[in-house]
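I opened the model today to look up how its strands pair and how its helices pack. My notes follow in the order I took them.

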Amino acid sequence: MDEPCFHCGLPIPESADFPVRYREKSEATCCAGCQAVAQTIIDSGLGDYYAHRTEGARQAEPLPKELLDQIRLYDSDALQQSFVRVEDGDIREAALMLEGITCAACVWLNEQHVKRLPGVLSVDINYSSHRARVRWDNTRLRLSQILEAISAIGYRAHPYDAARQEAMQQKERKQSINRLWVAGLSMMQVMMYAVPIYIAGDGEIDPEFLWILHWASFALTLPVLLYSALPFYRGTWRDLKTRRLGMDTPVTIGILTGFFASFWALIHHVEHGIYFDSVSMFVFLLLGGRYLEGVARRKAGEASENLVKLLPAFAHRLQGWPKSREASEAPVADLAKGDVLLVKPGETLPTDGLVLEGRSAADESLLTGESRPIPKAQGDAVVAGSVNTASPLVVEVTETGQHTRLAGIVRLLDQALADKPRLAVLADRFASWFVTVLLLVAAASYIGWHFVDPDRALWIMVAVLVISCPCALSLATPAALTAATGHLASLGMLTTRGHALETLPHVTDVVFDKTGTLTHGRMQLIDTLVLDGSLPEQALAIAAALEAGSEHPIARAFNDAARGLELPTLVETENMPGAGVEGRIGGCRWRLGRPAFVMSLAGTPPAALEDWRQGETVVVLGSEAGWIAAFAIGDAVREDAAATVTTLKRRGLRLHLLSGDNPGVVERLGRMLELDTWQAQASPEDKLAYVAALQAEGQRVLMMGDGINDAPVLARADVSVAMGSGTDVARASGDMILVNDRLGTLPQAVTLGHRTLGVIRQNLWWAASYNLVALPLAIAGHVTPWLASLGMALSSLIVVGNALRLVRRTGPNAPSGR
């Protein structure tokens, strides 16, 4: 039978009889497997898949019993630790890799089919990486049932494995290089035969040798036609099966027309109609352009893949800690909460954890964008994917697998890259329409030149088809957004929704929350006033010793500030609720707390204490010998808050502060940072109304917050940024997440947003201008087919190369200026 299989597109054996009913018509399939899969898709109400796909599905094969048994093993909780995240209420999320994805319709089909399974909560598939994220209720559905459902429609799903993904990409790259190599070798050899013909005068080459050269060119062009150009044919076949015109269609028509026209001229001895050199040359140039474009696009979107590959495969597990320090190699997938690990200098931390012993520093630059190593000591938290740079650390595992902070970052990046922005959708629609117009223009040019100069008509039509293929137009927006998203991730800001970068350049007002956003959100030692001439470090060490056994926020502030200091020995401690703490150090009584509490022991307060740090929480230290020191405790402003505010105001943005704190504290912060407006004691409803009022005035609002009470207003703002240390609800509501909590990243993001918009406009103008200039030149006969293929390849490379400027940095942590 000449008709291909309705499901997979392969030839149907003559004896095969496996029909399916689709849209009141009987369609033939090649085997029982394809028949079952196609009928499953149609009966599930997903028949639109066959109307929108751009490539035939893989041939369906019945699942062998061994594979079914293997799939069911994935229901094991122990096996799921490395790729499944467990949420409250037995809700689970798995990171899977899909095989068999060939086009956007395959993504749509898998998403729709899995979503219909009872118990599935959400499905997101990243077309560029073929990585899927599936959330389901494990009380209603098992993972094996999801994997079986995917297999039932002709695809395969596996736990995501970075090594396996890399192997698949390496195979694709190898095939691309082989096709390019064959086309290049053929082009060089054919040009060796063609150049003498072009430069020789009439009659200078003996006719017998002349036609030998032409036949040799034909033989050397055949591998290009039958092997190197296969990707273009496959793309065109996908388009024709779905009754649409894609970007490979004009290229295929140009290749086949040029080759067979030259072959016809060769057979009929029409000397001036043979252009095998042009066919091999423009296939080589197109393949070369696509290969370089693919390399550039992978570079632009490598942020997510780099994060996935951070974790090592093995770790040093300490058995019997702390009695024994014997380390044994253990697979990272087998680690569990409570395990104790030895992390040597230069090694990557395999899990989130808590330092039990050792002093070192961790390089977290790939996770947060912070270029300097972060000091780590006993009690400090460490995150998976960071590198221990200095000394050995003993670490207790707190989170593994999909529960680590690194896994959360990868999930957010997947979500961002799967979200197709509005500009990209519009560009794709225009590109599809443009191909239709291009084919009509090419046909018209052939007809017109046929009456003017029939010998040139065919080659002018080929040049028209090739030179204006809208690849650059379709790449203009996604290339820029992918590069910018990856750059922001390297700076420590994750873009979780596609519209954020598009909207960021249009922001007019920035609204900040206070606690946890402009301030650290925890009690800290702000200032120290020494009253007796002793060293501040000595006074701080005594205060920290008095508070060492307390969990009060003020006690934690002293303990944090005194980290690294040697504390004196304390005896006979007594806590006075609401007043302070008393203890004996070296035979002397000490008190730390309110001035009135210390005054009964140390005597009359000194005059220097009267006006010091008005409005702050002041804690004083005294002894039987007198007043020693005063400490100001409060929620300290972030170190980069002032510089961030100054930079944003310089850009012409209006800055607002909304806080639930008391008016005095809010006003003092607003004046100190020179904000435009501020509002205290603001409830979540007040914040929502404030932002809504700004939007009603026509302003575009960026909201930055960290708490549960900020979630509604984060969702309402035009662009929202959630602090990485904030609540889960706030992070879920944010369009962008500031992983490293460095406010200085916000102006960089605004700069990058403006630059991204500029690059998108440049790319679109370039793509449009190129076609407006190139098309008339080709129609007028001023462009040869090989020159047309060079122009098309260069136009796509220029677009991608321009987008890659968004990846470049001009400083250690900043994108280049606007």
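**Entry 1: strands around β16.** I take two strands as paired if DSSP finds at least two bridges between them. The model is a predicted one. I looked up β10 (residues 340–343) and β16 (residues 393–399) and found them paired in the antiparallel sense over four bridges. Leu-341 stands opposite Val-395 in β16. β16 also pairs with β11 (residues 352–357), again in the antiparallel sense, over five bridges. There I noted Gly-353 opposite Val-397 of β16.

**Entry 2: overall figures.** I looked up the totals for the protein next. The secondary structure comes to 29 helices and 29 strands. The protein has 818 residues, and buried residues make up 50% of them. Of the contacts with a separation of 6 or more, 68% are between residues 24 or more positions apart.

**Entry 3: the six-stranded sheet.** In what order do the six strands of the open sheet with antiparallel pairing come? I read the order as β19-β24-β23-β22-β21-β20. The edge strands are β19 (519–530) and β20 (571–576), and each of them pairs on one side only. From one strand to the next the twist averages 15°. Inside this sheet I followed one pair, β21 (residues 580–585) and β22 (residues 588–593), which run antiparallel and are joined by six bridges. Val-581 has Leu-592 of β22 as its bridge partner. As a general reminder, side chains in a regular strand alternate between the two faces of the sheet.

**Entry 4: the seven-stranded sheet.** This open sheet has mixed pairing, and I wrote down its strand order as β17-β29-β28-β27-β18-β25-β26. β17 (493–495) and β26 (677–679) stand at the edges with a single partner strand each, so one side of each has no neighbour in the sheet. Neighbouring strands are turned by 20° against each other on average, direction ignored. Within the sheet I checked β18 (residues 509–513) against β25 (residues 654–658): the two run parallel and are joined by five bridges. Asp-509 stands opposite Arg-654 in β25.

Which helix packs on the sheet and touches β25 and β26? I found α24 (residues 663–673), whose direction makes about 165° with that of β26. A further helix, α25 (residues 684–696), lies across β18, β25, β26 and β27 (701–705). α25 runs at about 160° to β25.

**Entry 5: Glu-674.** I stopped at the loop between α24 and β26, where Glu-674 is found. Most residues other than glycine have a negative phi. Glu-674 is not a glycine, yet its phi is positive, at about 60°. Is Glu-674 buried or exposed? Its relative accessible area is 56%, and the cut-off for exposed is over 50%, so Glu-674 counts as exposed.

**Entry 6: α23 against α28.** Two packed helices are described by the angle and the distance between their axes. The axes of α23 (residues 641–650) and α28 (residues 745–779) come within 8 Å and cross at roughly 25°. Angles under 35 degrees count as roughly parallel, so I list α23 as roughly parallel to α28. On the α23 side the contact is made by Thr-644, Thr-647 and Leu-648, and on the α28 side by Leu-746, Pro-747 and Val-750. By class I have four nonpolar, two polar and no charged residues in this contact.

**Entry 7: the cores.** The largest nonpolar core has 40 residues, and Phe-512, Leu-518 and Leu-746 touch the most other members. I listed what Leu-746 touches, leaving out residues up to four places away in sequence: Met-493, Val-510, Phe-512, Leu-648, Leu-702, Met-704 and Val-721. Another core, of 24 residues, lies apart from that one, and its members include Ala-94, Leu-98, Val-123 and Tyr-155.

**Entry 8: Glu-27.** Last, I looked up Glu-27, which lies in β2 (residues 25–29). Why does Glu-27 count as buried? Its relative accessibility is 12%, and buried means under 20%, so the label follows. Not counting residues up to four places away in sequence, Glu-27 touches Glu-3, Phe-6, Phe-18, Pro-19, Val-20 and Tyr-22.

Conventions
Residues numbered from 1 in each chain as written. Predicted model: local features only at pLDDT ≥ 70, side-chain atom pairs only at ≥ 80, totals over all residues. Heavy atoms only, no water. Axes fitted to C-alpha atoms, helices over the stretch in contact; angles between N-to-C directions. Parallel < 35°, antiparallel > 145°, perpendicular 65-115°, else oblique. Contact = heavy atoms within 4.5 Å. Nonpolar A, V, L, I, M, F, W, Y, C, P; charged D, E, K, R; others polar. Core = buried A, V, L, I, M, F, W, Y, C linked by side-chain atoms within 4.5 Å. Buried < 20%, exposed > 50% of the residue type's maximum accessible area, 1.4 Å probe, protein only.
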